[in-house]
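I opened my notebook to look up the disulfides in this one. Here are my entries, in the order I made them.

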Amino acid sequence: MKKHVLGFAAALGLAVTAFCPPALAQTAPARGGASGSATLDAVRARGSLRCGVSGEIAGFSLSDSRGEMQGMDVAYCRAIAAAVLGQATKVELIALSAQNRFTALQSGEVDVLIRNTGWSLSREANLGLLFAATNFWDGQGLVVHTSSGVTSAKDLGGAAVCMRPGTSTELDVSDWFRTNRIAFTPVMINGVSEIQEAFLSGRCDAFATDASQLAGFRARQGARAAELTILPERMTLGQAGSMVRKGDDKWFDIVRWTHFAMITAEKLGVTSANIDGFASTDNPDIRRLIGLDRGTGEGLGLDDLWAARIVRQVGNYGENYERFIIPIGLERGHNRLWTEGGLQFSPSFR
C-alpha cells in the first residue's frame with residue numbers, strides 16, 4: 001500500500017521555565033529494554049509514532065495554511081507521542097482512506113488508527129482490532145443544498161445520496177431509510193474530496209457522513225456556507241476515536257489512558273498554560289495526574305511524567321475541542337464532561 005506521510009508537526013514548545021522543579025522539568029521517558037508491549041518497543045526503536053489519520057477532515061485532520069496537519073485526531077496522535085517518546089513532534093501522520101485504514105493497522109503500517117473511526121461489533125470481532133477510546137461522540141447526518149427547500153431527511157424520497165463505500169455511514173443511512181420506508185438511490189464515491197466535489201456539482205441531492213465531517217465541510221465553504229443545510233436528523237449516535245491491534249494489551253492501555261489523561265486534566269482544571277503552577281499542589285488527584293506522586297506510569301511501561309507531558313505539549317480535552325471543533329460550528333453537546341451532563345468520562349488515576 002502506498003504510504004502518504006503528511007510530515008511532522010510543528011514544534012509544540014518543550015522548553016520548561018527555570019522556575020519549574022526537576023520533577024516537572026523532565027521531558028522524555030528514560031526507560032530501556034523490553035516494555036511488555038511489542039508496539040511500544042517498535043515505536044521507541046523507530047523514534048517516532050506512525051499514526052493513521054484521514055488528512056481530509058476539517059476539525060480532525062486537515063492541513064492548515066502553513067501546510068501543517070491540525071485537528072482533534074492529530075492532537076491525539078501527538079499526545080501519544082508525548083507520552084511514550086517525550087515529544088509530541090515525534091509522529092508520522094499517515095493519510096489513509098476509508099478502504100485501506102484497517103489493513104494499514106492490521107499489517108503494522110501504522111501503530112494506531114485515529115481517523116474518525118466508529119466502534120462496532122463487526123470491527124472488533126472480525127478484524128482483529130480493538131477500539132481504545134472515544135475522542136468524539138458523533139452521529140450520521142445529511143447535508144443538502146439550501147436551495148432545494150429540503151428541511152428534513154424525510155423529504156428525501158427518491159433522492160440520490162452520496163456516500164463512501166465500506167463505511168458505517170453506508171450501513172446506517174441505508175438502515176434509516178429502510179426503517180422509515182423511504183426510497184433513495186445511493187451514489188458510492190471513495191475519496192472525501194471527490195465525494196464533496198460530486199455533491200457540490202449536483203451529482204447527488206444529499207451527502208451523508210458523520211455530522212462532524214458535515215460541519216467541517218460546510219465551514220470550509222466560507223461565505224457560501226449558507227448555501228448548504230445540515231438536516232436535523234441523526235441516523236445514529238456513536239463513538240469515534242482510536243483503534244489498535246488485538247494482542248498488545250499494554251499498548252491498548254497506553255492509547256486508552258492517553259485519552260483519560262486529557263479528560264481528567266480538563267476536569268481538574270489543569271491546562272497547557274497553568275500546569276507548572278501545580279508543582280506544589282496538595283490536591284492528590286492532580287499530584288497523581290502530573291506525576292508528583294509516583295506509580296502512575298509503571299504499569300504502562302512509562303515514566304510517571306507521561307500525562308504531564310501530554311497536557312503541557314498538547315493540552316487537555318477541552319483545550320483541543322475549543323481549538324479545533326468549536327471553529328467548525330459544533331458545540332460540546334454529548335462531548336461535555338460527565339460532570340456537566342455529557343458522555344466524556346475518565347476513571348480514577350489511582
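The entries below go through the disulfides one by one.

Entry 1, the search. I am working with a predicted model. I searched the whole structure and found 2 disulfides. Counting the bonded cysteines along the chain, I get the pattern 1-2, 3-4.

Entry 2, Cys51 and Cys77. I looked up this pair and found the sulfur atoms 2.0 Å apart, inside the 2.5 Å cut-off that makes a pair a disulfide. What does this link tie together? Cys51 sits in strand 1 (residues 49-53) and Cys77 in helix 3 (residues 72-85), so the bond connects parts that are 26 residues apart in sequence. I then checked the torsion about the S-S bond, which is -65°, and noted the link of Cys51 and Cys77 as left-handed. Are the two cysteines buried or exposed? I noted both Cys51 and Cys77 as buried.

Entry 3, Cys162 and Cys204. My next lookup was the disulfide from Cys162 to Cys204, with an S to S distance of 2.0 Å. Where do its two ends lie? Cys162 belongs to strand 8 (residues 159-163), while Cys204 is in the loop between helix 7 (192-200) and strand 10 (206-210), so this pair ties together parts that are 42 residues apart in sequence. About the S-S bond I read -105°, which I wrote down as a left-handed link for Cys162 and Cys204. For burial, I found that Cys162 and Cys204 are both buried.

How values were computed: Residues are numbered from 1 along each chain as its sequence is written. This is a predicted model: local features need pLDDT of at least 70, side-chain atom pairs count only at pLDDT 80 or more; totals for chains, interfaces and linings use all residues. Side-chain values use heavy atoms; hydrogens and water are left out. Helices (H or I, at least four residues) and strands (E, at least two) are DSSP runs, numbered from the N terminus. Buried means under 20% relative accessible area, exposed over 50%, partly exposed in between (1.4 Å probe, protein chains only).
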